[in-house]
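Take a walk through this structure, starting at the ligand and moving outward to the fold. Keep the 3D view open as you read.

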Amino acid sequence: MPKSLRLISHKLCPYVQRAVIVATEKDIPFHRIDIDLANKPDWFLDISATGKVPLLEVTEHDGSTRIIFESAVIAEYLDEIAGQRLLPADPLERARERAWVEYGAQALADIYRLYTAPDEARFETERKQVEAKLERLENELSGPWFSGDKFGLVDAAFGPVFRYLDVFDWRLGRPLIERPAKVRAWSEALAARPSVRAAVGEDYAERLIDFIVTKNSYLGDKLERHALELA
Ligand SMILES: N[C@@H](CCC(=O)N[C@@H](CS)C(=O)NCC(=O)O)C(=O)O
(Lines give C-alpha, C1' and ligand atoms only; values in the text may rest on other atoms or scores of the structure.)
Protein backbone atom coordinates (compact mmCIF):
# COMPACT_ATOMS: atom_id res chain seq x y z
CA MET A 1 0.00 0.00 0.00
CA PRO A 2 1.27 3.50 -0.73
CA LYS A 3 1.73 6.01 2.10
CA SER A 4 -1.35 8.05 1.16
CA LEU A 5 -3.93 8.58 -1.56
CA ARG A 6 -5.71 11.77 -2.63
CA LEU A 7 -8.71 11.47 -4.91
CA ILE A 8 -9.37 14.64 -6.86
CA SER A 9 -13.10 14.62 -7.38
CA HIS A 10 -16.29 16.44 -8.14
CA LYS A 11 -19.50 16.14 -6.12
CA LEU A 12 -21.60 14.94 -9.07
CA CYS A 13 -19.11 13.03 -11.22
CA PRO A 14 -20.21 9.43 -11.83
CA TYR A 15 -16.67 8.35 -12.76
CA VAL A 16 -15.41 9.60 -9.39
CA GLN A 17 -18.08 7.47 -7.74
CA ARG A 18 -16.61 4.35 -9.32
CA ALA A 19 -13.25 5.00 -7.66
CA VAL A 20 -14.85 5.84 -4.30
CA ILE A 21 -16.95 2.67 -4.38
CA VAL A 22 -13.90 0.48 -5.03
CA ALA A 23 -11.78 2.19 -2.35
CA THR A 24 -14.63 1.79 0.15
CA GLU A 25 -15.21 -1.86 -0.77
CA LYS A 26 -11.52 -2.52 -0.22
CA ASP A 27 -11.22 -0.49 2.98
CA ILE A 28 -8.55 1.72 1.46
CA PRO A 29 -8.16 5.06 3.24
CA PHE A 30 -8.08 8.10 0.95
CA HIS A 31 -8.55 11.83 1.16
CA ARG A 32 -11.19 13.22 -1.18
CA ILE A 33 -10.94 16.74 -2.60
CA ASP A 34 -13.91 18.03 -4.60
CA ILE A 35 -13.05 20.71 -7.13
CA ASP A 36 -15.20 23.05 -9.23
CA LEU A 37 -15.01 21.80 -12.82
CA ALA A 38 -16.45 25.06 -14.10
CA ASN A 39 -13.47 26.83 -12.59
CA LYS A 40 -10.62 24.32 -12.50
CA PRO A 41 -7.82 25.28 -10.09
CA ASP A 42 -4.36 25.82 -11.59
CA TRP A 43 -2.82 23.15 -9.36
CA PHE A 44 -5.30 20.66 -10.85
CA LEU A 45 -4.55 21.68 -14.44
CA ASP A 46 -0.84 21.34 -13.68
CA ILE A 47 -1.13 17.70 -12.62
CA SER A 48 -3.94 16.57 -14.93
CA ALA A 49 -3.23 15.23 -18.41
CA THR A 50 -6.88 15.39 -19.49
CA GLY A 51 -8.44 18.08 -17.27
CA LYS A 52 -10.92 15.47 -16.04
CA VAL A 53 -11.70 13.93 -12.67
CA PRO A 54 -11.16 11.51 -11.08
CA LEU A 55 -7.43 11.85 -10.55
CA LEU A 56 -5.65 9.74 -7.99
CA GLU A 57 -2.52 11.19 -6.44
CA VAL A 58 -0.46 8.37 -4.99
CA THR A 59 2.26 9.24 -2.46
CA GLU A 60 4.78 6.48 -1.86
CA HIS A 61 6.67 5.90 1.40
CA ASP A 62 9.78 7.57 -0.06
CA GLY A 63 7.73 10.76 -0.55
CA SER A 64 7.48 10.48 -4.36
CA THR A 65 4.09 11.01 -5.97
CA ARG A 66 2.40 9.72 -9.11
CA ILE A 67 -0.84 10.78 -10.73
CA ILE A 68 -3.21 8.13 -12.08
CA PHE A 69 -6.16 9.12 -14.27
CA GLU A 70 -9.12 7.33 -15.92
CA SER A 71 -11.65 5.81 -13.54
CA ALA A 72 -11.38 2.25 -14.87
CA VAL A 73 -7.60 2.34 -14.40
CA ILE A 74 -7.89 3.87 -10.92
CA ALA A 75 -10.44 1.19 -9.97
CA GLU A 76 -8.12 -1.61 -11.09
CA TYR A 77 -5.14 -0.05 -9.31
CA LEU A 78 -7.14 0.18 -6.08
CA ASP A 79 -8.24 -3.40 -6.58
CA GLU A 80 -4.63 -4.52 -6.89
CA ILE A 81 -3.14 -2.78 -3.85
CA ALA A 82 -5.28 -4.22 -1.06
CA GLY A 83 -7.35 -7.17 0.04
CA GLN A 84 -9.09 -9.79 -2.02
CA ARG A 85 -9.33 -9.01 -5.73
CA LEU A 86 -12.67 -7.85 -7.08
CA LEU A 87 -11.61 -8.73 -10.64
CA PRO A 88 -11.70 -12.49 -11.25
CA ALA A 89 -8.47 -14.49 -11.58
CA ASP A 90 -9.44 -16.19 -14.83
CA PRO A 91 -8.19 -14.13 -17.84
CA LEU A 92 -11.35 -14.65 -19.88
CA GLU A 93 -13.63 -13.71 -16.98
CA ARG A 94 -11.41 -10.72 -16.29
CA ALA A 95 -11.61 -9.59 -19.91
CA ARG A 96 -15.39 -10.01 -19.84
CA GLU A 97 -15.71 -7.83 -16.75
CA ARG A 98 -13.43 -5.14 -18.18
CA ALA A 99 -15.62 -5.04 -21.27
CA TRP A 100 -18.75 -4.56 -19.15
CA VAL A 101 -17.06 -1.81 -17.15
CA GLU A 102 -16.56 -0.04 -20.48
CA TYR A 103 -20.22 -0.71 -21.32
CA GLY A 104 -21.01 1.11 -18.07
CA ALA A 105 -19.03 4.12 -19.31
CA GLN A 106 -21.04 4.04 -22.54
CA ALA A 107 -24.25 3.93 -20.51
CA LEU A 108 -23.07 7.06 -18.65
CA ALA A 109 -22.45 8.78 -21.99
CA ASP A 110 -25.99 7.78 -23.10
CA ILE A 111 -27.42 9.23 -19.89
CA TYR A 112 -25.50 12.48 -20.42
CA ARG A 113 -27.08 12.75 -23.91
CA LEU A 114 -30.46 11.91 -22.38
CA TYR A 115 -30.40 14.71 -19.82
CA THR A 116 -28.97 17.27 -22.23
CA ALA A 117 -31.29 16.42 -25.17
CA PRO A 118 -32.81 19.76 -26.22
CA ASP A 119 -36.20 18.53 -27.41
CA GLU A 120 -38.67 15.66 -27.04
CA ALA A 121 -37.64 13.86 -30.24
CA ARG A 122 -33.95 13.75 -29.27
CA PHE A 123 -34.86 12.86 -25.70
CA GLU A 124 -36.98 9.94 -26.92
CA THR A 125 -34.13 8.67 -29.13
CA GLU A 126 -31.73 8.78 -26.17
CA ARG A 127 -34.28 7.22 -23.82
CA LYS A 128 -34.62 4.25 -26.19
CA GLN A 129 -30.85 3.93 -26.31
CA VAL A 130 -30.62 3.63 -22.51
CA GLU A 131 -33.58 1.24 -22.49
CA ALA A 132 -31.84 -1.01 -25.04
CA LYS A 133 -28.68 -1.02 -22.90
CA LEU A 134 -30.70 -2.20 -19.88
CA GLU A 135 -32.34 -4.94 -21.93
CA ARG A 136 -28.95 -6.19 -23.08
CA LEU A 137 -27.75 -6.21 -19.46
CA GLU A 138 -30.72 -8.36 -18.45
CA ASN A 139 -29.30 -11.23 -20.49
CA GLU A 140 -25.78 -10.87 -19.07
CA LEU A 141 -26.58 -10.50 -15.40
CA SER A 142 -26.18 -13.39 -12.99
CA GLY A 143 -27.49 -11.80 -9.79
CA PRO A 144 -27.45 -10.78 -7.06
CA TRP A 145 -24.33 -9.03 -8.44
CA PHE A 146 -23.28 -8.80 -12.05
CA SER A 147 -21.15 -11.95 -11.98
CA GLY A 148 -22.90 -13.81 -9.17
CA ASP A 149 -22.32 -13.83 -5.42
CA LYS A 150 -19.33 -11.52 -5.35
CA PHE A 151 -19.52 -7.74 -5.71
CA GLY A 152 -17.11 -6.71 -8.47
CA LEU A 153 -15.83 -3.90 -10.64
CA VAL A 154 -18.83 -4.07 -12.97
CA ASP A 155 -21.07 -3.48 -9.96
CA ALA A 156 -18.94 -0.49 -8.97
CA ALA A 157 -19.24 0.84 -12.53
CA PHE A 158 -23.04 0.56 -12.61
CA GLY A 159 -23.78 2.01 -9.15
CA PRO A 160 -23.56 5.57 -10.59
CA VAL A 161 -25.56 4.61 -13.71
CA PHE A 162 -28.58 3.52 -11.69
CA ARG A 163 -28.16 6.40 -9.26
CA TYR A 164 -28.97 8.80 -12.12
CA LEU A 165 -32.06 6.82 -13.08
CA ASP A 166 -33.15 6.57 -9.43
CA VAL A 167 -32.96 10.36 -9.03
CA PHE A 168 -34.99 10.92 -12.22
CA ASP A 169 -37.64 8.40 -11.13
CA TRP A 170 -37.77 9.87 -7.63
CA ARG A 171 -38.27 13.43 -8.88
CA LEU A 172 -40.79 12.50 -11.58
CA GLY A 173 -42.67 10.08 -9.29
CA ARG A 174 -42.65 7.35 -11.96
CA PRO A 175 -40.10 5.30 -13.88
CA LEU A 176 -38.54 7.25 -16.72
CA ILE A 177 -37.23 3.98 -18.14
CA GLU A 178 -38.71 0.61 -17.24
CA ARG A 179 -36.08 -1.78 -15.89
CA PRO A 180 -36.28 -5.47 -16.75
CA ALA A 181 -36.75 -7.73 -13.66
CA LYS A 182 -33.15 -8.81 -13.04
CA VAL A 183 -31.83 -5.33 -13.76
CA ARG A 184 -34.37 -3.88 -11.32
CA ALA A 185 -33.28 -6.29 -8.55
CA TRP A 186 -29.62 -5.54 -9.29
CA SER A 187 -30.14 -1.79 -9.22
CA GLU A 188 -32.01 -2.05 -5.91
CA ALA A 189 -29.16 -4.08 -4.42
CA LEU A 190 -26.69 -1.46 -5.66
CA ALA A 191 -28.72 1.40 -4.20
CA ALA A 192 -28.65 -0.34 -0.80
CA ARG A 193 -24.92 -1.18 -0.87
CA PRO A 194 -23.08 0.96 1.75
CA SER A 195 -20.11 1.67 -0.58
CA VAL A 196 -22.46 2.90 -3.30
CA ARG A 197 -24.49 5.03 -0.88
CA ALA A 198 -21.35 6.59 0.59
CA ALA A 199 -19.95 7.65 -2.80
CA VAL A 200 -22.04 10.86 -2.88
CA GLY A 201 -23.13 13.48 -0.37
CA GLU A 202 -26.55 13.73 1.29
CA ASP A 203 -27.55 16.55 -1.04
CA TYR A 204 -26.63 14.69 -4.24
CA ALA A 205 -30.17 14.38 -5.68
CA GLU A 206 -31.02 18.07 -5.28
CA ARG A 207 -27.60 19.10 -6.50
CA LEU A 208 -27.92 16.88 -9.59
CA ILE A 209 -31.37 18.21 -10.42
CA ASP A 210 -30.17 21.82 -10.06
CA PHE A 211 -27.24 21.03 -12.37
CA ILE A 212 -29.45 19.43 -15.01
CA VAL A 213 -31.92 22.31 -14.85
CA THR A 214 -29.08 24.65 -15.91
CA LYS A 215 -28.72 22.62 -19.13
CA ASN A 216 -32.03 23.97 -20.49
CA SER A 217 -32.82 20.52 -21.79
CA TYR A 218 -36.08 18.64 -22.28
CA LEU A 219 -35.50 16.56 -19.13
CA GLY A 220 -34.20 19.56 -17.19
CA ASP A 221 -37.46 21.34 -17.94
CA LYS A 222 -39.52 18.34 -16.80
CA LEU A 223 -37.52 18.00 -13.58
CA GLU A 224 -37.89 21.71 -12.85
CA ARG A 225 -41.61 21.78 -13.53
CA HIS A 226 -42.13 18.74 -11.34
CA ALA A 227 -40.16 20.37 -8.53
CA LEU A 228 -42.42 23.42 -8.81
CA GLU A 229 -45.56 21.27 -8.78
CA LEU A 230 -44.33 19.52 -5.63
CA ALA A 231 -43.50 22.79 -3.86
N1 LIG B 1 -13.02 8.56 -19.13
C2 LIG B 1 -12.92 9.38 -17.95
C3 LIG B 1 -14.10 10.30 -17.92
C4 LIG B 1 -14.02 11.29 -16.76
C5 LIG B 1 -14.92 12.51 -16.99
O6 LIG B 1 -15.54 12.68 -18.05
N7 LIG B 1 -15.00 13.37 -15.97
C8 LIG B 1 -15.76 14.60 -16.11
C9 LIG B 1 -16.63 14.85 -14.90
S10 LIG B 1 -17.81 13.58 -14.63
C11 LIG B 1 -14.81 15.77 -16.15
O12 LIG B 1 -13.85 15.83 -15.41
N13 LIG B 1 -15.11 16.75 -17.01
C14 LIG B 1 -14.38 17.97 -17.06
C15 LIG B 1 -14.04 18.37 -18.45
O16 LIG B 1 -14.22 17.54 -19.37
O17 LIG B 1 -13.59 19.49 -18.62
C18 LIG B 1 -12.87 8.48 -16.71
O19 LIG B 1 -13.42 7.37 -16.77
O20 LIG B 1 -12.25 8.86 -15.71
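How far does a polar side-chain atom of Lys-52 lie from an oxygen atom of the ligand? The distance is 3.3 Å. Keep in mind that this is a predicted model.

Move one residue along, to Val-53. Here the backbone takes part: one of its polar atoms is 2.8 Å from an oxygen atom of the ligand. Glu-70 meets a nitrogen atom of the ligand instead, with an N or O atom of its side chain at 2.8 Å. On its own, the ligand has 520 Å² of accessible area, and the protein covers 72% of that.

Now widen the view to the whole shell. Cys-13, Pro-14 and Tyr-15 are among the residues around the ligand. So are Leu-37 and Lys-40. The run Gly-51, Lys-52, Val-53 and Pro-54 belongs to the shell too, as do Glu-70 and Ser-71. Sorted by class, the shell holds six nonpolar, two polar and three charged residues. The space that the ligand takes is the largest pocket.

Stay with Val-53 for a moment. Its peptide bond to Pro-54 is cis, with omega at about 5 degrees. Both residues are in the shell around the ligand. Pro-54 sits in the loop that runs between α2 (42-47) and β3 (55-59).

Another cis bond joins Gly-143 to Pro-144, where omega is near -5 degrees. Look for Pro-144 in the loop between α5 (120-140) and α6 (153-172).

One more backbone detail is worth a stop. Which sign does phi of Asp-27 have? Phi is positive, near 55 degrees, in a residue other than glycine. Asp-27 lies in the loop between α1 (14-25) and β2 (31-34).

Step back to the fold. The protein has ten helices and four strands. Read from the N terminus, the order of elements is β-α-β-α-β-β-α-α-α-α-α-α-α-α. Why can the protein be called as compact as a globular protein of its length? Its radius of gyration is 18 Å, and the globule rule gives 17 Å for 231 residues; the two values are close, so the description holds. Along the principal axes, the C-alpha atoms fill a box of roughly 55 × 45 × 25 Å.

To finish, return to the ligand. Lys-52 offers a polar side-chain atom, Val-53 a polar backbone atom, and Glu-70 a side-chain N or O atom.

How values were computed:
Residues numbered from 1 in each chain as written. Predicted model: local features only at pLDDT ≥ 70, side-chain atom pairs only at ≥ 80, totals over all residues. Heavy atoms only, no water. Near = heavy atom within 4 Å. Polar contact = N/O pair within 3.5 Å; in protein donor to acceptor, adjacent residues only side chain to side chain. Areas by Shrake-Rupley, 256 points an atom, 1.4 Å probe, with all protein chains shown as cover. 1 Å grid on protein atoms, 1.4 Å probe; cavity = no way out; pocket = protein on both sides within 12 Å on 5 of 7 lines; lining within 4 Å. Sits in = over half its atoms within 2 Å of the grid points. Nonpolar A, V, L, I, M, F, W, Y, C, P; charged D, E, K, R; others polar. Helix = DSSP H or I, 4+ residues; strand = E, 2+ residues; numbered from the N terminus. Rg over C-alpha atoms; globule rule 2.2 N^0.38 Å.
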